[in-house]
Structures are given as C-alpha cells and as structure tokens.
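Biologist: Could you walk me through this model and tell me where its labels come from? I would like to see each value next to its cut-off.

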Amino acid sequence: MDDKNGIVADFQAITGIDNAGEALMHLSNFNWDLLAAVQHVTPQHTQHLPSEGHSTQLSAPTVMIADDFSGMTASTSNETRRLITIEIEQHGHIIATLKVNDGSTIDDLKTLVYAESNIPCCLQNFNGWPNNQLPSNKDTLSKLNLPDRFKLNLIRGDEDLNQELNGRANLRTFTLNITMEATTSSEYQVYKLSFSSNQTVAQVKEAVANLTKLPISNQQWLGWPHFVTPATTLEESHINYPVHDFKLKPSNSILKHTRRRYNTRLNQSVVDMETSDSPMPSSSTSSSSTSSSSSEEDPFEDAAESLSGIDDDDVDTMFMDTEAPTRIRPLIAEDTEDELAGCIQFIDEFQNRYGDMRPQFFLGTLDQAIKIACFKPAKDKRLLAVYLHHDRSVLSNVFCTQLLCFESVVQYLNTNFLVWGWDMTHPSNRNRILQSASLSLGTMAEITLRAIDINRLPALVLFTRNRSNTEILSVINGDCNISELLSSLINAQEMFAIQQQVEIKEEGERNMREMIKVEQDEAYQQSLAIDRAKEETKRVQEMEEKAIRTQIESQERQVAAEKEAIRQRIVASLPAEPEPGDQVAKIRFRLPLGKFLERRFLASDNLQVLFDYLYISGFSQEEFKVISSWPRRDLTTLGVTQTMKELNLYPQETLTLEER
C-alpha cells in the first residue's frame with residue numbers, strides 16, 4: 001500500500017499532474033510501471049489538443065470545450081508541492097496510508113481511498129479534519145493549512161444513515177456549496193449554505209430563491225439524485241454528507257409546454273419534461289433530463305435535474321403522477337429475442353433516457369453495421385464506433401450525459417463515424433454481443449471486448465478495415481474527460497483518413513488495371529485465330545522444354561545416386577571416432593553459416609580420413625576449401641597421405657570451410 005502511495009507521489013512530482021485521480025488512472029493503465037507511465041504522459045504536455053484553442057489546421061469541424069469541462073483536463077504546475085501523509089482509519093483500524101501533494105483536492109483524496117478500499121467516493125465521509133474544518137470536494141489541501149501528517153476517520157455514508165435511522169435523534173447539518181451562474185455575466189458565484197437533515201428539497205429551493213431573487217420556476221439545478229421530489233428531505237436524498245456540491249443556472253426562457261409520455265410496455269408512467277430553450281451544462285441542446293442510474297442500488301451515480309421553467313403547480317402535479325420512484329428501464333431488456341430487436345430497443349431507450357442530442361445509432365445488427373461501414377468502396381468507407389454500455393458502472397451516467405451526448409462529440413461522431421450501440425448490463429446480452437463479435441470480426445475482437453473491465457465501461461471501440469482485415473483501431477474507455485475523448489476521436493479519424501487516401505489510390509489503380517484487362521480481352525477475342533496458332537506453337541515448345549527438363553532431372557538423379565554410392569562406400573571405410581586420450585587430435589570445423597562441427601582423429605590418421613568425414617557431412621573437396629588458421633593454407637591442395645601430426649593438426653586445431 002505504501003509503495004503505491006509512493007509511486008503516485010513520485011509520478012505527480014515528475015509529471016506535475018496535481019490531480020491524484022488522473023495520476024492513479026495513468027499508473028493503473030501501465031500496471032504501476034512508473035517509467036512507462038511517465039514516458040506515456042510527458043510527451044502530451046508539449047502537444048496541443050484541437051480543443052485547447054491553438055491554431056492547428058484540421059479538416060474536421062472546430063471543437064469547442066464547454067466551461068464546465070475545462071477543469072477535467074490534466075493540470076500541470078512548475079511550483080514545488082508539499083507532500084502530506086494522511087492515515088485513513090475505519091472502525092478503529094488503519095485501512096490506508098496515503099502520501100499526496102497539497103495541490104490535490106478532496107475529490108482526489110476520495111479517489112485514492114476508493115482505489116484502496118473500493119468504497120465509492122459518494123459514500124465517503126471524513127471526520128477529524130484539523131482545526132475542525134469541513135472542506136468541500138473541490139477544495140485543495142493547500143487551502144486548509146494542514147500539518148505534514150494527520151489522521152482522518154472514514155465513515156461510509158450508508159452506515160452513517162443506518163445509525164441515524166436506528167435511533168440517533170440528533171439532526172445532521174448539510175453544507176451545500178451552490179455554484180450559480182450570474183444573470184448578467186458569464187462569471188459564477190458560490191453560495192455556502194447550511195440546512196438541517198429534515199429540511200426538504202422544496203425548502204432548499206425556496207431559501208435559494210429568497211437569497212438570489214431567482215424564482216423556483218426559473219431555477220435549473222445539476223446535482224440532485226434522479227428520485228428526489230419536492231417533499232424529499234436532505235436525509236432521504238442520499239446526497240453527500242457533510243458537504244455536497246450543486247450547480248444552479250437560471251433558465252434562458254420559461255418552459256413553453258410540458259409533455260408527458262407514457263410507456264405502456266412496462267405499464268409504468270414515465271414523465272418526460274422537455275424544455276424548448278434551457279441548455280444543461282453538459283450539452284448545449286439537451287432537451288430532456290433523465291436518470292442515468294441503472295438501478296437504485298447504485299447510489300453514487302448522480303443524475304442531472306432540469307426543472308427550469310416549470311410552474312410550481314406543474315411540479316406538484318408531476319410528482320403526484322408517480323407516487324413511488326420508478327426504476328430506470330434498461331437500455332436492452334434481459335429477455336430480448338434477437339440482436340436486431342435489442343438494437344431497436346437500445347436506440348429508443350437511449351433517447352428516452354438522455355434526450356435528442358445523442359449520436360445517430362445505426363439501426364441494425366453488428367454484422368450489418370460492419371458491412372455498411374467497412375465493406376464499401378474506399379471513398380465511401382467510414383470508421384465504425386461501437387458504444388458498449390453498462391448500467392452498473394459508476395462511469396456510465398457521467399460519460400453519457402457529459403461526454404457522449406456533448407454537442408461537439410455528437411456532431412463529430414455523426415459526421416465521421418457509423419455508430420452502433422449495445423447494452424452489456426445483463427449477462428445474456430453481454431454473451432450475445434461477444435458471440436456476434438466473434439462471428440463477424442474474429443476471435444481477437446471477442447477477446448478484446450471480453451477483456452474490458454466493467455469499471456472502465458462504458459467504452460467506444462473503433463473498428464476499421466485495413467486491406468482485407470477488419471480490425472480494432474482504438475478502445476476509448478469511459479474514464480476519460482471531454483478533451484481526451486475528442487482528441488482520441490480526431491486522432492483516429494486522421495489515421496483513418498490517411499489510410500483511406502491510400503486505399504482510394506490503390507482502388508483507382510486496380511480499377512484502371514481492370515479496365516485495361518477488359519480492353520485486352522476484347523483485343524484477344526478479335527485476334528483469337530492468330531492466338532490459337534501461337535498457343536499451339538507454345539504448347540509444342542513447352543513439350544520440348546519439358547522433355548529437356550526431364551532429361552536434366554534424370555541426369556541429376558543419376559549423379560545424386562553416384563554421389564550417394566560414394567558416400568556409402570566412404571562411410572563403410574571411415575574409421576570410428578577414437579576416444580579422448582594421447583595421440584588423439586581434436587579438430588573443430590567452422591562452417592560457412594557460422595555453425596561448427598567437431599570430431600576426434602588419431603594423430604596417425606592421414607588427411608584423406610579428414611576429407612572423407614567432411615564428404616559424408618555434406619562438404620566435398622570439389623565444393624569447399626579447407627583452410628588452416630596458422631599458418632594459413634588450403635589443405636585440399638596438400639597430399640592426402642600426410643598425417644595429422646605431420647600437418648601440425650595435433651593435438652587440436654580449428655579449420656575453416658570456404659565455398660569455392
């Protein structure tokens with residue numbers, strides 16, 4: 001545990017990345033290999049992404065990053081950061097000892113604790129801050145004037161709530177940090193308000209209305225869980241304790257109409273609030289605010305709420321229509337009959353959940369999507385982006401609402417990609433898509449999709465067809481920010497465009513060759529009579545050449561048979577290799593390809609015995625020279641009756657074989 005904290009601290013010190021969550025992500029991607037992670041991250045600090053506003057010329061549309069996401073990019077700083085050691089205690093036991101720099105935020109600290117304890121960030125409550133401070137999630141440690149080492153007590157939010165419900169009568173106090181956009185400028189103003197746990201959502205909004213002079217009907221909130229009603233108390237809302245962050249934005253116009261849509265397939269009433277001109281921070285044209293949580297069992301997935309422009313009477317009526325919170329419908333039901341039916345349901349439910357500002361998903365099976373995107377003439381090919389969703393991943397809601405449905409991302413995907421979506425929440429649906437990928441793309445694609453960790457879903461998997469192979473170009477996991485997502489999509493499209501131009505050129509050349517071939521075939525038909533005579537002549541010539549080749553092959557076989565007979569005779573007459581001892585010469589032969597042969601000979605053996613050994617080893621005197629090293633001489637030019645001892649090959653020598 002200490003080793004990992006030290007690695008995180010070293011990584012932040014080297015790269016200058018203050019965001020501990022981002023540092024943790026990079027190190028996890030490289031299996032905690034510090035050098036590999038640093039080498040991966042460092043070049044990026046000297047590059048400018050298209051979304052950062054630099055003057056990079058691209059053929060793709062200009063991408064603008066919303067202010068809400070400007071804080072999601074990696075932060076770098078040249079200033080020296082102080083390392084702080086924090087011991088995390090739970091139920092009287094130290095569960096983690098963290099070393100973080102004072103540029104990290106409380107959110108970063110919670111991310112590191114999540115990596116050590118698997119307790120979701122939204123359920124982490126810390127007690128024991130020095131000087132009785134109650135920092136917000138966005139506060140940096142440097143603002144708190146903390147000592148170099150201290151201890152925090154970790155209390156799970158659900159445990160704390162259970163204690164309250166089991167008999168603790170004292171009310172808790174929630175601190176709400178409300179960031180409100182000013183009505184006359186683009187600047188933001190932060191209100192830090194305290195409310196008791198028994199106060200309702202309606203009372204909070206009324207207090208904010210009295211403070212800001214912004215009517216409840218014109219308040220647009222981001223940060224309430226999807227199931228809250230005006231009568232829900234703060235204790236019942238499951239927001240973070242003791243501090244929770246909200247965003248408040250005045251709507252640009254009053255709601256023109258309220259539309260209720262009833263879904264009869266599940267016999268449940270679903271209220272769909274649609275505003276005509278009240279953009280959410282996550283998407284400039286989002287028309288509805290719906291929950292992204294896959295079930296009430298995922299309390300850490302915070303959904304956006306948009307109540308702007310709705311009269312108080314309409315709000316009360318809306319909440320009266322649903323007496324109890326309805327579970328969010330899955331994007332694809334578990335009992336879906338086939339892949340096509342699942343795709344139809346996915347598109348319908350995705351739009352109901354996240355609104356009209358979304359990618360235009362392809363209506364068809366994965367195999368059909370591959371054929372439409374990849375099996376086209378080169379100029380008509382497109383990249384295939386397969387979106388894999390999982391409702392039990394903590395990243396799903398944020399990725400869909402703030403990244404995938406972000407206007408610039410939607411426009412870029414619809415312009416340059418064919419997008420196909422699937423929900424892997426249910427095991428049966430996961431197995432169906434893995435089987436389909438195996439049949440359409442091959443085993444490697446199935447292995448790649450199967451290896452994606454649920455905690456890194458959702459994911460965009462980019463496919464392309466290179467020559468005759470359909471392959472995975474890139475996998476974009478859900479733990480990225482808007483800048484990284486757009487950069488990955490743009491880089492993939494640029495790589496595809498380069499490949500596409502090559503294929504267009506090759507296809508043009510191939511078509512030209514086909515055209516020339518057709519013209520040649522026509523000319524061939526016109527001169528068929530002449531060609532027949534030529535073919536007959538050619539056939540006679542081939543027969544003659546075949547007869548010559550047959551004769552040559554017969555002669556070669558005869559020569560080979562004679563050589564084999566000689567070899568067998570030599571093998572029969574070659575003396576056996578003597579055992580090591582006196583009067584025994586050890587000869588090593590260096591062959592042309594760098595290999596070696598080694599054999600022992602009697603010192604009284606003549607040179608012919610050595611040549612016979614080389615002959616049966618495949619190295620005849622006619623094809624190879626046998627060179628001694630000192631003095632250098634060609635033994636094949638000497639008399640074969642001389643002994644090893646007379647030729648100074650005793651007691652050992654290395655001879656080199658050279659081709660003639």
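Modeller: Gladly; we will take helices, aromatic rings and backbone details in turn.

Biologist: What kind of model is this, predicted or experimental?

Modeller: This is a predicted model.

Biologist: Let us begin with α10. What makes this helix largely enclosed by the rest of the structure?

Modeller: Helix α10 covers residues 396–404, and seven of its nine residues are buried, so the helix is largely enclosed by the rest of the structure. The buried ones are Ser 396, Asn 397, Phe 399, Cys 400, Thr 401, Leu 403 and Leu 404.

Biologist: Which elements cover those buried residues of α10?

Modeller: The cover includes the helices α8 (339–354), α11 (407–416) and α14 (482–526). Strands β11 (383–389), β13 (459–466) and β14 (469–477) are also part of that cover.

Biologist: Now two helices further along. Why is α12 called roughly antiparallel to α13?

Modeller: Helix α12 (residues 427–441) packs against helix α13 (residues 443–450) at an angle of about 150 degrees, and their axes are 6 Å apart. Angles over 145 degrees count as roughly antiparallel, and so α12 is roughly antiparallel to α13. The crossing of α12 past α13 is right-handed.

Biologist: Which residues make that contact, and how do they divide by class?

Modeller: From α12 come Arg 430, Leu 434, Ala 437, Ser 438 and Leu 441, while α13 brings Thr 443, Ala 445, Glu 446, Leu 449 and Arg 450. Of the residues in this contact of α12 with α13, five are nonpolar, two polar and three charged.

Biologist: And how do you know whether α11 and α14 are parallel or antiparallel?

Modeller: The axes of α11 and α14 cross at roughly 15 degrees and come within 11 Å. The cut-off for roughly parallel is under 35 degrees, and therefore α11 and α14 are roughly parallel to each other. Here α11 passes α14 in a left-handed crossing.

Biologist: What does the contact between α11 and α14 consist of?

Modeller: On the α11 side there are Ser 408, Val 409, Tyr 412, Leu 413 and Asn 416. On the α14 side there are Ile 482, Leu 485, Leu 486, Leu 489, Ile 490 and Gln 493. By class, the contact of α11 with α14 holds eight nonpolar and three polar residues, with no charged ones.

Biologist: On to the rings. How many aromatic pairs does the structure hold?

Modeller: There are 19 aromatic pairs.

Biologist: What makes the pair of Trp 221 and Trp 224 stacked, tilted or edge-to-face?

Modeller: Their ring centres lie 5.9 Å apart, and a pair needs centres within 6.5 Å. The planes stand at 50 degrees, which is neither under 30 nor over 60, so the pair of Trp 221 and Trp 224 is tilted. Buried means under 20% relative accessible area; Trp 221 has 1% and is buried, and Trp 224 has 0% and is buried as well.

Biologist: How do you know what to call the pair of Phe 361 and Tyr 387?

Modeller: The ring centres of Phe 361 and Tyr 387 are 6.4 Å apart, and their planes are at 40 degrees, so this pair is tilted. The pair links distant parts of the chain, 26 residues apart: Phe 361 sits in the loop between α8 and α9 (366–374), and Tyr 387 in strand β11.

Biologist: Why do Phe 361 and Tyr 387 count as buried?

Modeller: The cut-off is under 20%; Phe 361 has 9% relative accessibility and so counts as buried, and Tyr 387 counts as buried at 0%. Ring pairs also link Phe 346, Phe 350, Tyr 354, Phe 361, Tyr 387 and Phe 399 into a cluster.

Biologist: Last, the backbone. Where are cis peptide bonds found?

Modeller: One joins Leu 457 and Pro 458, with omega about 0 degrees, and Pro 458 is in the loop between α13 and β13. Another runs from Tyr 650 to Pro 651, with omega near 10 degrees; Pro 651 lies in the loop between β18 (633–634) and β19 (652–659).

Biologist: What is notable about phi at Lys 213 and Gln 583?

Modeller: Lys 213 has a positive phi of about 60 degrees, although it is not a glycine. Gln 583, also a residue other than glycine, has a positive phi near 60 degrees. Lys 213 lies in the loop between α6 (201–212) and β7 (219–222), and Gln 583 in the loop between α15 (528–573) and β15 (584–590).

Biologist: Why is Lys 213 called exposed, and why is Gln 583 called partly exposed?

Modeller: Exposed means over 50%, so Lys 213 at 70% relative accessibility counts as exposed. Gln 583 has 40%, between the 20% and 50% limits, and therefore counts as partly exposed.

Definitions and conventions
Residues are numbered from 1 along each chain as its sequence is written. This is a predicted model: local features need pLDDT of at least 70, side-chain atom pairs count only at pLDDT 80 or more; totals for chains, interfaces and linings use all residues. Side-chain values use heavy atoms; hydrogens and water are left out. Buried means under 20% relative accessible area, exposed over 50%, partly exposed in between (1.4 Å probe, protein chains only). Helices (H or I, at least four residues) and strands (E, at least two) are DSSP runs, numbered from the N terminus. Contact means heavy atoms within 4.5 Å. Axes are lines fitted to C-alpha atoms, for helices over the stretch in contact, and angles run from 0 to 180 degrees between N-to-C directions. Angles under 35 degrees count as roughly parallel, over 145 as roughly antiparallel, 65 to 115 as roughly perpendicular and the rest as oblique. A crossing is left-handed if the near helix is turned anticlockwise from the far one by less than a right angle, and right-handed if clockwise. Ala, Val, Leu, Ile, Met, Phe, Trp, Tyr, Cys and Pro count as nonpolar, Asp, Glu, Lys and Arg as charged, and the others, Gly among them, as polar. Rings of Phe, Tyr and Trp (its six-membered ring) pair if their centres lie within 6.5 Å; planes under 30 degrees apart count as stacked, over 60 as edge-to-face and the rest as tilted.
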